[in-house]
Amino acid sequence: MANTAVADADSGLTGAQLAARHGLSIADTRPTLTAYTRALWSYRHFITTYANAKVTASFSQARLGQIWQMLTPLTNAAVYYLIFGVILNISRDVDNFIAYLCVGLFVFTFTSSTATGGISAITTNLGLIRALHFPRAALPFAITLTQLRHLLAAMVVLVGIVLATGEPITLEWLLVIPALLLQVVFSIGLALALARLGSKLTDLKQIMPFVMRTWMYGSGVLYSVQAFTDNLPALATTLIQLNPMLIYIELVRHALLEGAPVTSDIPRLLLLATAWALVVGVGGFIYFWRGEQEYGRG
């Protein structure tokens, strides 16, 4: 009798009216931005677990395991110091060049690795995307969280290097916290934007190494930022000073190193760092959300 009553109530309704009556919606429609944000938050445990699994898997075949989270940045710093600090003797222009170089490398590598991973976040997880229903932004978020774990391990190494090279502990060290938090927001937005672009332009993955290498050289990672002012026209110097990675690197250098050269005063750097985080973080999230229904198609 109950089934008959339901059938009678549904009789004469259009398809759209039936769907509305029973709470159905069109498959693969894009949710509202608010609903999408809530759904993403509800998957926070999945994001954390997925990121932890990626970290564990990346070192599962290595005998030293996750110790490589610290050894990798340290080895990279040693190679760059040998080339730029010893062979090319760039260190003569910078006090405490070892710590100066390590700050630049560790901070830049976090965003660089996040961006590179973001490009393939969709294309390398098509099986997961097509099999399960979840906010696709969870994948770039998980990649960022994975790289953040590597960065935190690298920061432990960095603190040891800074102290070993004679830098004192000061209250300005606290500036590292907001600087890195702003960089994380910026990097998440960048990963989200590149994830959508990478899902459409598969050749982008081949171009990115060249883009990242150029970006690194323009971010004062390997040499004194004073070289920009000394060797470039005023307009080019101004544009480079707006480079977000240069800004985040300079904030951390100023916090940890006494006398580290910077291109702008600290309040201006903090203002620019916040602006970049908001524009890229929020903009990247919205840009990715607008393509939600496209991922995994084709």
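Leaving aside neighbours within four places in sequence, which residues is Gln241 in contact with? In this predicted model, the partners of Gln241 are Leu246, Ile247, Thr263, Ser264, Arg268 and Leu272. Gln241 itself sits in helix α12. With a relative accessible area of 14%, Gln241 is buried, because anything under 20% counts as such.

The rest of helix α12 helps to place this residue. The helix covers residues 234–241, and Thr237 and Ile240 are buried in it along with Gln241. Looking down the axis of α12, one finds these buried residues within an arc of 100°, so they line one face of the helix. Leu235 and Leu239, in contrast, lie on the other side of α12 and are exposed. A general rule is handy when reading such a pattern: an α-helix has 3.6 residues a turn, so residues three or four places apart point the same way.

It is useful to step back and view the whole protein. The protein has 14 helices and zero strands, and its pattern along the sequence is therefore a run of α elements, α-α-α-α-α-α-α-α-α-α-α-α-α-α. The protein has 298 residues, of which 44% count as buried. About 15600 Å² of surface is exposed, and carbon and sulfur atoms supply 66% of that area. Among contacts with a separation of 6 or more, 78% are between residues 24 or more positions apart.

How do the helices pack against one another? Helix α8 (residues 138–164) and helix α9 provide one example, with an angle of about 145° between them and their axes 9 Å apart. The crossing of this pair is right-handed. On the α8 side, the contact is made by Pro140, Phe141, Thr144, Leu148, Leu151 and Met155. On the α9 side, the residues taking part are Val176, Leu180, Val184, Ser187, Ile188, Ala191, Leu192 and Ala195. Sorted by class, the contact of α8 with α9 holds twelve nonpolar and two polar residues, with no charged ones.

Helix α9 (residues 176–200) also packs against helix α10 (residues 204–217). Here the angle is about 150° and the axes are 12 Å apart. The crossing of α9 and α10 is right-handed. From α9, Phe186, Leu190, Leu194, Leu197 and Gly198 take part, and they meet Leu204, Met208 and Trp215 of α10. The contact of α9 with α10 comprises seven nonpolar residues and one polar residue, and no charged residues.

Two alanines complete the tour. Is Ala121 buried or exposed? At 0% relative accessibility, Ala121 counts as buried. Ala121 belongs to the loop between α6 (97–119) and α7 (126–131). Not counting residues up to four places away in sequence, Ala121 touches Leu139, Pro140, Ile143 and Ala195. Two of these names may look familiar: Pro140 of α8 and Ala195 of α9 also take part in the contact between those helices. Ala121 and Arg136 are 15 residues apart in sequence, and their C-alpha atoms are 9.1 Å apart in space.

Ala78, by contrast, is partly exposed, with a relative accessible area of 46%. Ala78 is placed in helix α5, which spans residues 68–87. Along the chain, Ala78 and Ile98 are 20 residues apart, while 8.7 Å separates their C-alpha atoms.

Definitions and conventions. Residues are numbered from 1 along each chain as its sequence is written. This is a predicted model: local features need pLDDT of at least 70, side-chain atom pairs count only at pLDDT 80 or more; totals for chains, interfaces and linings use all residues. Side-chain values use heavy atoms; hydrogens and water are left out. Buried means under 20% relative accessible area, exposed over 50%, partly exposed in between (1.4 Å probe, protein chains only). Helices (H or I, at least four residues) and strands (E, at least two) are DSSP runs, numbered from the N terminus. The arc is that of the directions from the helix axis to the C-beta atoms. Axes are lines fitted to C-alpha atoms, for helices over the stretch in contact, and angles run from 0 to 180 degrees between N-to-C directions. A crossing is left-handed if the near helix is turned anticlockwise from the far one by less than a right angle, and right-handed if clockwise. Contact means heavy atoms within 4.5 Å. Ala, Val, Leu, Ile, Met, Phe, Trp, Tyr, Cys and Pro count as nonpolar, Asp, Glu, Lys and Arg as charged, and the others, Gly among them, as polar. Accessible areas come from the Shrake-Rupley method with a 1.4 Å probe; for residues, only the protein chains shown count as cover.
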